[in-house]
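Walk through this fold one step at a time. Start with a loop, then move to the helix packing, the core and a few single residues.

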Amino acid sequence: MKAISRMMYYIKLLPYFVSRNVQSKMSYSVDFFLGIIANIMKQALGFIFVWVLFSNVPEVNGWNFNQMMFVYGMQAITLGLNEFMFAGTWKIAQYVQEGSLDRLLLRPVGTLFSVIAADVTFHGLGAAAFGLVICIISLVNLQMTLSVGMILFWILAIICGTLIYFSVNMWAGTLAFWIIDTGSPMMILQNVSEFSKYPVSIYGGGLQILLTFVLPFAFTSYYPTAFIFGMETGVMYWLGPVIAAALCLTIAVLFWRYGLTKYQSAGG
């Protein structure tokens, strides 16, 4: 009960931190809108590649254009929501190097929560909105109507996918307790996540293993999409995203706590 009440406390507190960030970012309204537009254009350019590919071939390894659209959209939604809600993970190295983590440690809330709520990036909303539109267009073109249960699964899959991206970022960000530059490994991981824009079934066995069991980005897009379309019904496809998110989040939190034990404050 104590853990649940604590979680509810943070859920109520998060909108306050987000609103403060919104007010701060909106003071530069031009940057705000340019960031969103730029991310939409970035996603659109990547999508053009898929469109060009399918203008020459009817399907790739059993996936047609509209099905591939949904996978692409799912990746954009989950990655975009992660960039919007959990951008603070990119600042962990700055907190450690400048000693400003001391200030977060003194707050009457969890340090990890303070890091998460420290920043929001609105360009992530552009990517998420683009992805949602692409997914809806895909369903319309396929003449699919999702049941209430499948819509709830879709929402759950989006939440799990967002948490997977956040957790992987936390793994890399927490390395700041041991190395100076965490930007490079975080960018490498983000580049690897680009593979999840497409069904992992089109890749070789090694890459499939990497994207499923090592860096489980495939659970942010491919596995839930295959289940939604009825292409696969195995446990991995409907329960896999939940298990992957839970494991990734647990590892991220434990690794973060271990990293804090290695932190030497600016006054130490």
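Helices and strands here are DSSP runs, numbered from the N terminus, with at least four residues for a helix and at least two for a strand. The model itself is predicted.

By that numbering, asparagine 61 sits in the loop between β1 (59–60) and β2 (63–64). Its backbone stands out. Phi of asparagine 61 is near 50 degrees, a positive value in a residue other than glycine. Glutamine 143 is another case, with phi near 55 degrees, again positive in a residue other than glycine. Glutamine 143 belongs to the loop between α7 and α8. Is glutamine 143 buried or exposed? The relative accessible area of glutamine 143 is 73%, and exposed means over 50%, so this residue counts as exposed.

Now turn to the helices. Two packed helices are described by the angle between their axes and the distance between the axes. Take helix α3 (residues 65–85) and helix α7 (residues 123–141). They pack at an angle of about 155 degrees, and their axes are 7 Å apart. Angles over 145 degrees count as roughly antiparallel, so α3 is roughly antiparallel to α7. The crossing of α3 and α7 is left-handed. By class, their contact has 17 nonpolar, nine polar and one charged residues.

Helix α3 also packs against α8. Here the angle is about 55 degrees, with the axes 8 Å apart. How does α3 lie relative to α8? The angle makes α3 oblique to α8. The crossing of α3 with α8 is right-handed. On the α3 side, the residues that meet α8 are Phe70, Met74, Gln75, Ile77, Thr78, Leu79, Leu81 and Asn82. On the α8 side stand Trp154, Ala157, Ile158, Gly161, Thr162, Tyr165, Phe166 and Asn169. By class, this contact of α3 with α8 has ten nonpolar, six polar and no charged residues.

The nonpolar interior comes next. The largest nonpolar core has 66 residues. Which residues have the most contacts inside this core? They are Phe70, Leu101, Trp154, Ile228 and Trp256. Helix α8 (residues 148–174) gives the largest share of this core, 13 residues. Phe70 and Trp154 also appear in the contact of α3 with α8. Another core, of five residues, lies apart from the largest one. Among its members are Tyr10, Phe17, Val109 and Phe113.

Look at leucine 101 in more detail. Leaving aside neighbours within four places in sequence, leucine 101 is in contact with Tyr95, Val96, Thr111, Phe177, Trp256, Leu260 and Tyr263. One of these partners, Trp256, is also among the core residues with the most contacts.

Leucine 139 brings the path back to helix α7, where it lies. Its relative accessible area is 9%, so leucine 139 is buried. Beyond four places in sequence, leucine 139 is in contact with Phe70, Met144, Leu146, Trp154 and Phe229. Phe70 and Trp154 thus turn up again, this time as partners of leucine 139. Threonine 78 is 61 residues from leucine 139 in sequence. In space, their C-alpha atoms are 18 Å apart.

Glutamine 190 lies in helix α9 (residues 183–193). Where does this polar side chain stand, buried or exposed? With a relative accessible area of 17%, glutamine 190 is buried. Not counting residues up to four places away in sequence, glutamine 190 touches Glu83 and Trp90.

Two residues further along the chain are partly exposed. Methionine 236 is in helix α12 (residues 235–238). Its relative accessible area is 33%, so methionine 236 counts as partly exposed. Leaving aside neighbours within four places in sequence, methionine 236 is in contact with Thr212, Phe213, Phe219, Tyr223 and Pro241. Alanine 87 is 149 residues away from methionine 236 along the chain, and their C-alpha atoms are separated by 29 Å.

Valine 242 is found in helix α13 (residues 240–261). At 31% relative accessibility, valine 242 is partly exposed. Its contacts, leaving aside neighbours within four places in sequence, are Leu156 and Cys160. Valine 109 lies 133 residues from valine 242 along the chain, with 27 Å between their C-alpha atoms. That same valine 109 is listed in the five-residue core.

Definitions and conventions: Residues are numbered from 1 along each chain as its sequence is written. This is a predicted model: local features need pLDDT of at least 70, side-chain atom pairs count only at pLDDT 80 or more; totals for chains, interfaces and linings use all residues. Side-chain values use heavy atoms; hydrogens and water are left out. Axes are lines fitted to C-alpha atoms, for helices over the stretch in contact, and angles run from 0 to 180 degrees between N-to-C directions. Angles under 35 degrees count as roughly parallel, over 145 as roughly antiparallel, 65 to 115 as roughly perpendicular and the rest as oblique. A crossing is left-handed if the near helix is turned anticlockwise from the far one by less than a right angle, and right-handed if clockwise. Ala, Val, Leu, Ile, Met, Phe, Trp, Tyr, Cys and Pro count as nonpolar, Asp, Glu, Lys and Arg as charged, and the others, Gly among them, as polar. A nonpolar core is a set of buried Ala, Val, Leu, Ile, Met, Phe, Trp, Tyr and Cys residues joined through side-chain atoms within 4.5 Å. Buried means under 20% relative accessible area, exposed over 50%, partly exposed in between (1.4 Å probe, protein chains only). Contact means heavy atoms within 4.5 Å.
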